[in-house]
Amino acid sequence: MEDQILQPPITTLTQERLKLNVGGEFFETTVSTIRSGGPESLLYALSYRPRDDRNPIFIDRDPEIFSVLLSLLRTNRLPSSARRFSKQELSDEAVFYGIEANLKSAISPLPFNGIDASIVANIRPTSDGVVSAFTAANGDGSIWLAHGGQISSYDRNLIHDRTIRTHLEDITSIRRVWPGIAALGSYTASGLHFYNFFSGRHIGSSHWSDPTDPRIYKARVTAIADSSTSIFAAFDCPHRENSILVIDKSTLQITSELGRQLGSSAKNTVAGKLTWIPETNVLLGSAVTCGAFGYSGYIRLWDARSGDVVWETNEPGSGRSSRFGDSFADVDVDVESLKLFKVCSKSGDLGVADIRKLGEDPWVYLKDKNPGMGNTSGRGSGNIKIHCFKNEVFVGREGELEVWSRVEETKIGVEESKENIEDLYRRNYVDKAEDSERGIIKEIEGGGDRLFVSRQNVEGIEVWETSKFSAAVSVL
C-alpha cells in the first residue's frame with residue numbers, strides 16, 4: 001500500500017491573507033475583503049500582484065485613514081474612529097483607492113423620518129455666516145446658501161464645493177433652476193438674476209416692465225419657483241403693484257404674466273411663497289400680512305397655461321368672529337399627496353385640504369391624538385413656518401420644530417374622506433428642549449434625505465437626518 005501524501009488544508013483564494021504596507025504601517029487582511037471594493041478599485045488590482053510576506057505591497061498614503069477604509073470594506077460601516085476625519089479627507093482617500101461608492105453608501109443618510117431625526121451638522125459659510133436664503137431643490141441632499149451677496153454650494157456629502165460673489169449686496173431669494181444655474185432675487189435690488197455656478201458668471205436678468213404703465217418700475221423679487229420648462233417669479237414694485245412672471249427655462253426670456261394686482265389690500269399683495277404642483281399643472285401662490293386687526297392673506301392657484309385663477313381663498317384678520325378670523329400664518333403643499341396645509345395664526349391649529357376637492361370651505365382641522373404632546377390650542381403666533389416633505393408636515397413654532405406624520409389607516413379599503421382625514425396624522429416633536437432654544441425658526445426645506453433649518457440671526461444652517469447610531473461622521 002502506497003504511503004498517503006498529506007495535503008495542506010484547502011483554503012479558497014479569496015480567504016488568503018494579504019499584507020500591505022501603508023505609509024510605514026503594516027496591515028493584514030484577506031483577499032475577499034480587499035476585493036469587496038469592486039473590480040474597478042485599486043485594491044482589487046493589487047490583490048492580483050505576486051505576494052511576498054517579507055516585502056509587502058507598499059502604498060504611500062495615510063495609514064490612519066486607510067485603517068478606517070479597511071474597516072469599511074470589512075463591515076460596510078464606518079468605525080467610530082472615522083469621527084477624527086472630515087468627510088473631505090475620507091472622500092479624497094476613497095477616491096484614490098477607488099472605493100468612493102462604498103464610502104458614499106456608508107455615509108449617505110437613512111430614508112428620512114421626522115420622528116427619528118436629529119441635527120447632524122451645522123453648515124456655516126466662512127464669511128457672512130448668517131444665511132439669508134437657501135435652496136435644496138436638487139433632491140440629492142446638496143444645498144446652496146446665500147449669505148450677503150455671495151452664494152456657497154455644498155455637495156451631497158455636505159462638503160464645501162465653491163463660493164461665488166454676485167453683484168447684489170444682499171440675496172433674499174434663491175432657486176436652483178438648472179444643475180449649475182441659480183435664480184436670485186433681492187429686496188434691495190430690482191430684477192431676477194441668473195448666475196452660472198460653475199463659471200461664477202452673471203448670465204442674464206429678467207425685469208418686469210410695462211411702457212404703458214409708469215408705476216411698473218424697479219420691481220423686486222419676493223419668491224421663486226420652477227417647473228421642468230418654466231421659472232415663476234413674484235415681482236413687487238415700490239407702489240405695491242405686483243405680478244408673477246413666467247420665464248422660459250431654455251432661453252431665460254419672459255413669456256407671460258400671471259395675476260397683475262394693485263397691491264392696495266391684503267387680498268392682492270405680492271405673493272411671498274410660490275410652489276409648482278406638477279401633477280395638476282398649477283402654480284400655488286400665497287401671501288400673509290399683519291395689521292392692527294391681526295393676520296390676513298390669500299391662497300391662490302393659477303393654471304399656468306391659461307393664466308386663469310382656478311381656486312382662491314381670502315382670510316381676513318382676527319377681528320372677525322368666524323373660523324376664517326383665525327387666518328393662516330403660513331401655508332405649504334404636499335405635491336405628492338396633493339394636500340394643502342395651513343397653520344392658523346391665532347389657534348395654532350393645522351388645517352388640511354385636498355387639492356382635488358377644493359371648494360368654498362375645504363379645510364379639515366387635524367386632531368392631535370398623541371397623549372404625550374401638549375395641545376396646540378392657543379399656540380399660534382406670527383413666528384410659524386410650515387413645510388411638507390416626505391409625506392410629513394413640519395411646523396416651526398417660534399424655536400420648536402414638530403412633525404405631523406401620517407398614520408396607517410385602521411381599516412383596509414376605507415376611502416379617505418373629509419370626515420376621517422382629521423384622524424390620519426399624529427403630531428410629535430422633532431427637536432429636544434435645547435434645540436428649541438437656538439432661536440426662532442426662519443425657514444424649513446427638505447432635500448434628498450435631509451431637512452435644512454435656518455433660524456433668525458443665527459449663523460449657519462442646521463442639517464437634520466434620521467438618527468444613525470453607527471457610522472457617525474463629523475462634518476466641516
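Two strands are said to pair if DSSP finds at least two bridges between them, and strands themselves are DSSP runs (E, at least two residues) numbered from the N terminus. This is a predicted model, in which local features need pLDDT of at least 70 and side-chain atom pairs count only at pLDDT 80 or more, while totals for chains, interfaces and linings use all residues. Residues are numbered from 1 along each chain as its sequence is written, and side-chain values use heavy atoms, with hydrogens and water left out.

Q: How many bridges join strand β15 to β16?
A: Strand β15 covers residues 242–248 and runs antiparallel to β16. One bridge partnership links asparagine 242 with glutamine 261 in β16. The number of bridges joining the two strands is five.

Q: Which strands stand at the edges of the open sheet β13-β14-β15-β16?
A: The four strands of this open sheet pair in antiparallel fashion. Two of them have a single partner strand each, so one side of each is left without a neighbour in the sheet. These edge strands are β13 (220–226) and β16 (254–261).

Q: Is valine 393 buried or exposed?
A: Valine 393 lies in strand β26, residues 392–397, and its contacts (heavy atoms within 4.5 Å), not counting residues up to four places away in sequence, include Phe341, Leu350 and Trp404. Buried means under 20% relative accessible area, exposed over 50% and partly exposed in between, with a 1.4 Å probe and protein chains only. Because its relative accessibility is 1%, valine 393 counts as buried.

Q: How many disulfides does a search of the whole structure find?
A: A disulfide is a pair of cysteine sulfur atoms within 2.5 Å. Cysteine 237 is buried at 1% relative accessible area, whereas cysteine 290 is exposed at 54%. For the whole structure, the search finds a number of disulfides equal to zero.
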